[in-house]
Amino acid sequence: MNIFRILGDVSHLLAIIILLMKILKSKSCAGISGKSQILFALVFTTRYLDLFTTFISVYNTVMKVIFLICAYVTVYMIYVKFRKTFDSENDSFRLEFLLVPVTGLSFLENHSFTPLEILWTFSIYLESVAILPQLFMISKTGEAETITTHYLFFLGLYRALYIANWVWRYYMESFYDQIAVVSGVVQTIFYCDFFYLYVTKGR
């Protein structure tokens with residue numbers, strides 16, 4: 001653990017809380033991509049299966065459980081509780097364009113060919129592109145509520161802090177995970193696209 005990892009986790013959690021509070025306060029999920037939230041729920045589910053097999057620390061376990069609960073509560077809010085406010089017409093990104101190549105890549109490029117490792121790899125690859133339906137929705141409608149852009153900002157900050165975490169671990173611990181680093185850089189590039197939209201749309 002280092003300060004960049006901790007701040008990254010806090011930023012990630014803050015992004016999710018901002019989104020949930022937005023939905024609960026406004027009783028609406030307008031402007032939020034349900035497809036992106038489904039992908040994030042799938043990311044956490046496939047990544048945290050080790051909850052049943054491996055104990056790392058109380059912090060690690062608590063954070064995993066919180067992320068899983070928040071992910072599924074968000075999906076529930078969008079598709080069940082406030083489904084009448086969900087903009088399904090503009091949330092039209094084809095998920096198979098992400099799921100098929102990510103699934104194939106996770107079988108081809110992984111650390112070891114075991115079920116848990118393949119699912120972990122799948123989660124890493126999928127997280128790098130899970131935000132695309134949300135960005136596609138924003139670019140399609142030309143609109144983004146301020147609270148939604150705050151959510152995206154903190155998600156982008158989380159990724160940037162994790163890059164700093166990887167640099168720190170490389171120099172201080174001689175640790176390097178090519179799959180996580182490359183996927184993280186790709187994900188950060190997509191958030192750069194969001195920051196471009198953020199600036200040009202005056203948010």
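1. Which residues of H4 are buried? In H4, a helix in the DSSP sense (an H or I run of at least four residues, numbered from the N terminus), the buried residues are Leu98, Val102 and Ser106, where buried stands for under 20% relative accessible area and exposed for over 50%, with partly exposed in between (1.4 Å probe, protein chains only). Seen down the axis of H4, these buried residues fall within an arc of 50 degrees, so they line one face of the helix; the arc is that of the directions from the helix axis to the C-beta atoms.

2. This is a predicted model, in which local features need pLDDT of at least 70 and side-chain atom pairs count only at pLDDT 80 or more, while totals for chains, interfaces and linings use all residues. Residues are numbered from 1 along each chain as its sequence is written, and side-chain values use heavy atoms, with hydrogens and water left out.

3. On the other side of H4, Phe97, Val100 and Leu108 are exposed, whereas the cover over its buried residues includes helix H2 (34-47), helix H5 (115-129) and helix H6 (132-141).

4. Within H6, the residues Leu132, Pro133, Gln134, Leu135, Met137 and Ile138 are themselves buried, and the helix is followed by Gly142, whose phi is positive, near 75 degrees.

5. Ser11, found in helix H1 (residues 3-26), is buried, with a relative accessible area of 5%. Not counting residues up to four places away in sequence, Ser11 touches Phe154, Leu157, Tyr158 and Leu161, contact being taken as heavy atoms within 4.5 Å.

Methods. Helices (H or I, at least four residues) and strands (E, at least two) are DSSP runs, numbered from the N terminus.
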